[in-house]
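Here are some exercises to try with the model open beside you. Attempt each task before you read its solution.

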Amino acid sequence: MKIGAHVLPAVGVFALALCPALGIASQKAAATPAASPEAAPGPGELKLILLKPSMRFEDIRTGAILPAQPAGEVEYERYLLAAARQAAGSMATVLEMDKLAPPASEACRQLYALASRLARGNVNEEAIQGLARLAALDERHAVLVQFFRLNTGPGRSWNPQNGAITSSMASTLMQAAVVSCKTGKVIWKGEQLIRNKALRPANAGFHKALALLYQDFDIK
């Protein structure tokens, strides 16, 4: 009994000394957040590459290609890419063309040269070769292609002598398509043709047409 009397107080002192240390350790552990893993695509999730939009400015009277104003072209491109990102962001991992590794970037440049075809859903043999190069890097790759054409021409007119009225010859065309690199098949495509108007980014009609272009976007 005497031995127990001496041992128990010693154990109690040790426990009292240990508790504060354990409390401090647990506080430190709680204060250190667990490292969160970097977001990665799910097993079947598409890795969607946004190609730079292809744009063409034409004079409807002559069919001549008009030189684009750099500032205006940049603004069109900015809105087109923003609309594509917003539509695809919740359905796929979105990749920017200018941030890809050289092999993928080179394949995308080959596809960009065919953008006016691909945006209509027309996948030819040359496009299949470029798509296959991207699929070899990752079978989950797909590309989103956009084509924008602005036709300018005479506006509306009225002849006071005979009362004849003519409509504007201008028009705005927006086309987009998503193509699987593995299969070469079109997953989704959309088109908006606005007759009698050459829409500028400052026009409300431009943004309405862009919203309608991606209204039924679905690649799941």
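Two strands pair if DSSP finds at least two bridges between them. Helices (H or I, at least four residues) and strands (E, at least two) are DSSP runs, numbered from the N terminus. The model is predicted: local features need pLDDT of at least 70, side-chain atom pairs count only at pLDDT 80 or more, and totals for chains, interfaces and linings use all residues. Residues are numbered from 1 along each chain as its sequence is written, and side-chain values use heavy atoms, leaving out hydrogens and water.

**Exercise 1.** Find how many bridges join S1 to S4, and how the two strands run.

*Solution.* Step one: 4 bridges join S1 to S4, and these strands run parallel. Step two: pick out Ile49, which stands opposite Val143 in S4. Step three: turn to S3 (residues 93–96), also joined to S1 by 4 bridges and parallel to S1. There, Ile49 has Leu95 as its bridge partner.

**Exercise 2.** Work out whether the span of H5 agrees with its 13 residues.

*Solution.* Step one: the expected span is 1.5 Å times one less than the number of residues. Step two: for H5 that gives 18 Å, and the end C-alpha atoms are 19 Å apart, which agrees.

**Exercise 3.** Decide which residues of H5 are buried (under 20% relative accessible area, 1.4 Å probe, protein chains only; exposed is over 50%, partly exposed in between).

*Solution.* Step one: the buried ones are Ala127, Gly130, Leu131, Leu134 and Ala135. Step two: they cover an arc of only 145 degrees around the axis (taken from the directions from the helix axis to the C-beta atoms), so they lie on the same side of H5. Step three: the face turned away from that side carries exposed Glu125 and Ala136.
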